[in-house]
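Me: I have a structure open and would like to talk it through with you, one question at a time. Shall we start with the empty space inside and work outwards?

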Amino acid sequence: MTRPVPMAELWRGALLESVHMGHGVVCDSSGQVVRSWGDPGLVMYPRSSSKMIQALPLLSSGAAAKYGLGTEQMALACASHNGAAIHTHRVNDWLGQLGLGDGDLRCGPQDPDDRPEHERLIRAYESPCQVHNNCSGKHAGFLTLGRHLEAGPEYHEIDHPVQQAALAAFEEVTGEASPGYGIDGCSAPNFATSLTGLARAMAWFASARDRSDRQSQAAAQLTEAMMKHPELVAGEGRACTELMRAMGGRVAIKTGAEAVFVAILPEQRLGVALKITDGATRASECAIAAILVGLGVLDPAHPATRKRLGAPILNRRGIDCGSIRATAELRF
């Protein structure tokens, strides 16, 4: 099957009101597809779901050790954070350790999704900085690697050694030559791959502890950092943070723009990747929750699960009008 399949439905009363179509793949540690929905060969942009791949050279090059980076910085390198104080203070401290500042970032300013920080900026008559950008941790990692490589300041450009290192890592772990790249919202290149390639990469991360090479050690460290610091990977109220907490540090998950989601399951040596075709986040969150429940790592009764899987649709008076549900196609 190469067409997308229904993955999430919105019901209002007794009628099916909306359907979100998508594709999904589960790979094992050998890189083989063990379950798929829709088109496993779909060529797509992983967007921010690939941040842990982009962070691999930061560790495998020795840059992280050289500059004394800990698990918090590693989690932030993989993050799409809310721009809360717990994120911005840490990124600012990281940049300060390098003798750098907000002006050295190339991700652009972003109004923080964190409500307290958003309101603080308004009260202080301040504008958002680049450090508020959800990708500022990734970019701090790029700057660290660039400093280690003694490369120029325009680390976001495709021919820069930092991005060439990211491309080499990307093609290694996906097992595919990337057919091209697009420019992400944070100005960095985002390399295309097949959905199977992305799931294969996540399974490679999941089985990293089985191998002793430097790249695999880096993958294991990044995965463990994400599971240890879910609040740094996204933020309060976010699916990545809440679902990782619900799974008790056993699984790392990461969203990407335009309804991409991935999961790394170290205990089962499995990797998951999915893409909702219409780009709806509510559908990708519902679908990843359903798959994780099906794989036995997420409790269907946990409040974080129920918030996305079977979540009630409330109107402005708080009246329950319907629900968003995973489709029968996602049942294991």
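**Cavity, pocket and fold**

Me: How many cavities of 30 Å³ or more does a search of the whole structure find?

Reply: Happy to help, and please keep in mind that this is a predicted model. Rolling a probe the size of a water molecule over the atoms shows where empty space is left. With 30 Å³ as the lower limit, a search of the whole structure gives a cavity count of one.

Me: What is the volume of the largest cavity?

Reply: Its lining includes Gln54, Ala55, Leu58 and Ala77. By class, that lining has four nonpolar, two polar and one charged residues. The volume of the largest cavity is about 40 Å³.

Me: Which element gives the largest share of the lining of the largest cavity?

Reply: Lys138, Gly141 and Phe142 are among the residues that line the cavity. Helix H7 covers residues 136-149. The largest share of the lining is three residues, and the element they come from is H7.

Me: Is His139, in helix H7, buried or exposed?

Reply: Leaving aside neighbours within four places in sequence, His139 is in contact with Leu105, Arg106, Cys107, Tyr155, Cys186 and Ala188. The cut-off for buried is under 20% relative accessible area. His139 has a relative accessible area of 0%, so this residue is buried.

Me: Let's turn to the open space. Which element gives the largest share of the lining of the largest pocket?

Reply: About 450 Å³ of space lies in the largest pocket. Of the 26 residues lining this pocket, Ser80, Asp113, Asn134, Arg238 and Ala257 are the closest to its centre. Helix H12 (239-246), strand E8 (252-256) and H13 are the elements that give two or more residues to the lining. The largest share is three residues, and they come from E8.

Me: How many residues in the lining of the largest pocket are polar?

Reply: The lining of the largest pocket divides into three classes. Seven of its residues are nonpolar and seven are charged, while the number of polar ones is 12.

Me: What span should helix H13 have, at 1.5 Å a residue?

Reply: H13 runs over residues 281-294, which makes 14 residues. The expected span is 1.5 Å times one less than the number of residues. The end C-alpha atoms of H13 lie 20 Å apart, which agrees with the expected span of 20 Å.

Me: How many of the 14 residues of H13 are buried?

Reply: Among the buried residues are Glu285, Cys286, Ile288 and Leu292. Just after the helix, Gly296 takes a positive phi of about 85°. H13 is mostly covered, and its buried residues number 10.

Me: Does Met44 count as buried or exposed?

Reply: Met44 has its place in strand E4 (residues 43-44). Beyond neighbours within four places in sequence, Met44 is in contact with Ala192, Thr193, Leu195, Leu198 and Val260. Its relative accessibility is 6%, and because buried means under 20%, Met44 counts as buried.

Me: Finally, what is the radius of gyration of the chain?

Reply: The secondary structure of the chain comes to 14 helices and 12 strands. For 332 residues the globule rule gives 20 Å, and the chain comes close to that value, so it is as compact as a globular protein of that length. The radius of gyration is 19 Å.

Terms used
Residues are numbered from 1 along each chain as its sequence is written. This is a predicted model: local features need pLDDT of at least 70, side-chain atom pairs count only at pLDDT 80 or more; totals for chains, interfaces and linings use all residues. Side-chain values use heavy atoms; hydrogens and water are left out. Helices (H or I, at least four residues) and strands (E, at least two) are DSSP runs, numbered from the N terminus. Buried means under 20% relative accessible area, exposed over 50%, partly exposed in between (1.4 Å probe, protein chains only). Contact means heavy atoms within 4.5 Å. On a 1 Å grid over the protein atoms alone, a cavity is a set of points where a 1.4 Å probe fits but cannot get out, and a pocket is an open set with protein on both sides within 12 Å along at least five of seven lines; lining residues have an atom within 4 Å of a point. Grid points are joined across faces, edges and corners, and a volume is the space filled by probe spheres set on the points. Ala, Val, Leu, Ile, Met, Phe, Trp, Tyr, Cys and Pro count as nonpolar, Asp, Glu, Lys and Arg as charged, and the others, Gly among them, as polar. The radius of gyration is taken over C-alpha atoms; the globule rule is 2.2 Å times the number of residues to the power 0.38.
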